[in-house]
Amino acid sequence: MRIPFFQVDAFAGALFSGNPAGVCPLERWLDDRTLQAIAAENNIAETAFFVRRAPTGTLRPAYDLRWFTPACEVDLCGHATLASAWVLFHRGGRTGDRIEFHSKSGPLAVRRDGERLELDFPATPGVSCDPPPGLLEGLGSVPRATLKGMDYLAVFETEGEIRALAPRFDAIAALGARGVIATAPGRDADYVLRFFAPAAGIPEDPATGSVHCMLVPYWAERLGRSKLRALQLSARGGEFSCEHRAPRVGIAGRAALYLEGSIELPG
């Protein structure tokens, strides 16, 4: 059995930046063990798998979408959703400007605007909390504020503090959350961030779309405006244009194809 495979750099200013995502269009679902094995073999942050839904009478086709890290399945992933939409628009014959996905996190959409793709994701504001000891140990620094949602959000005063973080991944992995977002006001953007998710097999993610579900409501309220620009300060770097449209957020960026081929599975 041969499965088409694409590797796409998402939220990238150019090739070799942003976050590499694997994308596997499927005619039907494979068993979970095989999906996880493919993601582990790819050994990049996430591999997305999608299957077209049966026609429902609407003119717009929709797709069921799942994401796997090398270690586990996740409930929400931004960059691999963006990459999946790129594949459908550029290799899947899609001529419209909108794609609908169905996922464990509910309905998601991607809209094409020239070379830019915009995710329509749920807003998930965090709740203010005291930082647990493991968070302070993991980051090695004390944030000015801490919020809790799917992830911990640690807010710092300056971009320099974000760049200087040298996390202890064992402590972060033991927190019981998906990961830790560190953020601060940016010099060349409204805010900057880094994201650490060692419990999901990703010590530091290069460019993360889903964290803006929590970041956008926070920064929109703090800065008093709905349209925001963000930079992820990983080694590869990530670029995001975001908009708060409660109860949703728009998370936009560009993507670049790196690899196109097929995966050979035993019959």
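**Two covered helices and one cavity**

I'll start with helix 2, and keep in mind that this is a predicted model. Helix 2 is mostly covered, with eleven of its 13 residues buried. The buried residues in helix 2 are His-79, Ala-80, Thr-81, Leu-82, Ala-83, Ser-84, Ala-85, Trp-86, Val-87, Leu-88 and Phe-89. An α-helix has 3.6 residues a turn, so residues three or four places apart point the same way.

As for its dimensions, helix 2 runs over residues 79–91 and reaches 18 Å from its first C-alpha to its last. That is close to the 18 Å expected at 1.5 Å a residue. After helix 2 comes Gly-93, with a positive phi, near 75°.

Next, helix 6, residues 212–223. Nine of the twelve residues in helix 6 are buried, so to speak of it as mostly covered is fair under the cut-off of under 20% relative accessible area. The buried ones include Cys-213, Met-214, Pro-217 and Trp-219. His-212, at the start of helix 6, is buried as well. Helix 6 is followed by Gly-224, and there too phi is positive, near 75°.

Last, the empty space. How many cavities of 30 Å³ or more does a search of the whole structure find? The search finds one. The volume of the largest cavity is about 110 Å³. Its lining is made up of 16 residues, and those nearest the centre are Glu-46, Arg-178, Phe-195, Ile-202 and Thr-208. By type, the lining of the largest cavity has seven nonpolar, six polar and three charged residues.

Technical notes. Residues numbered from 1 in each chain as written. Predicted model: local features only at pLDDT ≥ 70, side-chain atom pairs only at ≥ 80, totals over all residues. Heavy atoms only, no water. Buried < 20%, exposed > 50% of the residue type's maximum accessible area, 1.4 Å probe, protein only. Helix = DSSP H or I, 4+ residues; strand = E, 2+ residues; numbered from the N terminus. Expected span 1.5 Å × (residues − 1). 1 Å grid on protein atoms, 1.4 Å probe; cavity = no way out; pocket = protein on both sides within 12 Å on 5 of 7 lines; lining within 4 Å. Points joined across faces, edges and corners; volume = space filled by probe spheres on them. Nonpolar A, V, L, I, M, F, W, Y, C, P; charged D, E, K, R; others polar.
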